[in-house]
Amino acid sequence: MAVPAYYTRGETIMYYAVRVFVALVLLFLIAPILAVMPLSFNSESFFTYPMPGFSLKWYNDFFFNPRWSGAVKMSFLVAIATTILATFLGTLAALGLSRANFPAKATIMAILISPMIVPVIISAVGMFKFYASLDLVGTRLGIILAHTALATPFVVITVTATLSSFDKTLMRAGASCGAAPHTVFFRVVMPLILPGMISGALFAFVTSFDEVVVVLFLASPEDRTLPLQMFSGIREMISPTITAAATVLVLISTAMLVTLELLRRRSERLRGVAPN
Amino acid sequence: MAMAQALPNDGVMRAADGTPLKVALARAERAEKLKAMALVLPLFAFIIFSFVVPILIMLYNSVYDPDVAENMPQTVVALKSWDGKDLPPEEVFAAFVADMKEAQRNKQTALIGKRLNYEMSGIRSKVVATGRKIGSIEAAPYRDQVIAIDKVWGEPETWATIKRSASDYTPFYILSMLDLRQNPDGSIEAVPADRAIYKSILARTLGISLLVTLLTLVLGYPVAYLLATSPQRTASILMIFVLLPFWTSLLVRTTAWMVLMTDGGVFAGLLHLTGITWFLNLIGVLNGEPQLFKTRFATVVAMTHIQLPFTLLPIYSVMKTISPTYMRAAKSLGGTPFYSFIRVYMPQTLPGVAAGCLLTFILCLGYYITPAIVGGPTDQMISGFIERAINSENNWGKASALGVILLTATLILYYVYNKLVGIDRMKLG
């Protein structure tokens, strides 16, 4: 990208100033995340450069200390259950909401999306009190139910967005060819909205997998999720194992990001929109 | 055909089975509507049950407070006829002794003391001590014996406080979160300045949120502009810088900032290396090495880092829709690039700016994790105080009242956002 020939000197300065500014902002965005990763290989337990030596001991702790590996297992269990529940409930609702003339659509949508907007501390405190009366505090079921409530808005939004560009005559075409409604759904609708469902599911997974505040109230001390283990670790005693955990989590989110981007491209190809 | 002949020839359009077309259509639409509702119902019911009801119950707790009414039933009844001027009559003290004996048996005196202590500090231990000694009072006259246990029972103010807490419902928590209180006569006044702390927490929460929103806008706008106007290949690469942090969990990013900002950590080293520490020392802003961890500075920097993509992405998606022909037209009409940008381009990006800033502001209001980790005690926002009210103070009334305030602010902004942007058009990723 060269400066257009007709730019005046002042405009040229602006042109470069904007680019330098943007470069600095992008550095600000990415540098903290990248700067932490090498520290997880530090042989000493402090957080600064230059590092005196290289060591994998924090990863050893992360993967083999039952406190951490148990938390990882717990996190995956809760996140997978949440994803399944949220994707199922959210997709059904999105299918219903996308039908024409749905009564009070805006209000219902606002209620379904509200878990995303209400400050999570309020959700956590409310659920803590209510779930305590149902004996759900300290159980995995309680956490899964709470996370599902927090995660479904993402599924509803992504699937609704996919459905808005979905050609409904295809459903009628399917029906007129003699397919039963469920056949139409599984053979016609689902393949087309699958990218939306999967990105919704990914959002749901990440929402649950990263969530701290609700877990802080609902989890029993022996059964922590990974973010809770990190959070309590930070508050109690800072161990560099946290940087190892952070690095692993960054890698997981990178994998999610790549998957999502691939899905987006596939979805655009399916709909015949060239990636612009 | 026989059926068709049987139909009246009144000009009404009919379906094959003879029902008027209008009726058939309405019937089909009703069936469609029911089907659509049946699809939404499971999630709707689930959200109501697992999310809306718990929150409503919590909000109810901010005004519902039966601790005194339940544990001092006779006293509460006896106090009804008391005019509040002098000491209550003998029968109030009789009722009080009976209630306290009962409460002592049920181990509820601490609860009564805790509740009264919110309004009269220092009374908790006196209530508990009175409960222990109340068994020794066996016969009338009660009044002098009760006052002999503790002088506090000889003060009309104590009884006014009990009378005020007697109802199942109290405005006390909500009022005190706004630094207001109710006088014994029922009028509302501001609490003395030395006890007014909650307004400053509100102001701090709003202030930090506003500052972070402004910072994300200033930092994000040029980035969004460059992303939207760069060639596709460059833009996708730059986008990674925005989306990777966006997808990294809030806790991980906060952890990263904590690690970087520890005393003598990477950030301090960077300031030292670039000479900023030296410069700040020179102009007298700083004395020695900077203290970053557990400060307002660290809180705002980390929150800005986390919220930047939330402000940036809506602006970007609006900028994507602005055709470059507008700018070309403006320039061809003689506008300088700067002038054209301000007068032609910027007004068109305002919907994105509003959406992004509102979203960030709403999310900032509820921040808990980041100030808790990288902020100091004076950087905690409302959410932090809610957490503390429950986990450290076990004060549900206070937590709920703070929750009411936070939720009200959030929902008003959410309503504005919904009107302005439309919640279903929220962009994700």
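Colleague: Which helices each supply at least two residues of the lining of the second largest pocket?
Modeller: From chain A, α4 (105–117), α6 (140–164) and α8 do, and from chain B, α12 (232–247), α13, α16 (296–320), α18 (337–365) and α21 (396–420). Helices here are DSSP runs of H or I with at least four residues (strands are E, at least two), numbered from the N terminus. A pocket is an open set of points on a 1 Å grid over the protein atoms alone, with protein on both sides within 12 Å along at least five of seven lines, and lining residues have an atom within 4 Å of a point.

Colleague: Anything I should know about the model itself?
Modeller: This is a predicted model, where local features need pLDDT of at least 70 and side-chain atom pairs count only at pLDDT 80 or more, while totals for chains, interfaces and linings use all residues. Residues are numbered from 1 along each chain as its sequence is written, chains are lettered from A and ligands numbered from 1 in the order in which they are written, and side-chain values use heavy atoms, leaving out hydrogens and water.

Colleague: Back to that second largest pocket: what volume does it have?
Modeller: About 1,400 Å³, where a volume is the space filled by probe spheres set on grid points joined across faces, edges and corners. Its lining has 49 residues, and Met116(A), Phe154(A), Phe246(B), Phe310(B) and Leu363(B) lie nearest the centre. The largest share of that lining, eight residues, comes from α16(B).

Colleague: And how do the residues of that lining divide?
Modeller: Into 36 nonpolar, eight polar and five charged. Nonpolar means Ala, Val, Leu, Ile, Met, Phe, Trp, Tyr, Cys and Pro, charged means Asp, Glu, Lys and Arg, and the others, Gly among them, are polar.

Colleague: How many cavities of 30 Å³ or more does the structure hold?
Modeller: Two. A cavity is a set of grid points where a 1.4 Å probe fits but cannot get out. The largest has a volume of about 80 Å³, and the second largest holds about 40 Å³ of space.

Colleague: Which helix gives the largest share of the lining of the largest cavity?
Modeller: That's α11(A), with four residues. Chain B is in the lining too, with Trp247(B), Thr248(B), Ser249(B) and Val252(B). The split is seven nonpolar, three polar and one charged.

Colleague: What gives the most to the lining of the second largest cavity?
Modeller: α11(A), with four residues. Helices α1 (9–39) of chain A and α13 (250–261) of chain B also supply at least two each. Val250(A) and Val252(B) are among the lining residues here, and both are in the lining of the largest cavity as well.

Colleague: New topic: how much area do chain B and chain A bury between them?
Modeller: About 7,900 Å², 85% of it on carbon and sulfur atoms. Buried area is the accessible area (1.4 Å probe) that two parts lose on being put together, summed over both. Each chain puts 86 residues into the contact, meaning heavy atoms within 4.5 Å.

Colleague: What is the count of salt bridges between chain B and chain A?
Modeller: One, with a salt bridge being a side-chain nitrogen of Lys or Arg within 4 Å of a carboxyl oxygen of Asp or Glu. Arg99(A) pairs with Glu32(B), their closest N and O atoms 3.2 Å apart. Glu32(B) also forms a salt bridge with Lys35(B), at 3.6 Å, N to O. Those two are three residues apart in helix α2 (residues 21–61) of chain B, so about one helical turn separates them.

Colleague: And how many salt bridges over all chains?
Modeller: The structure holds 11.
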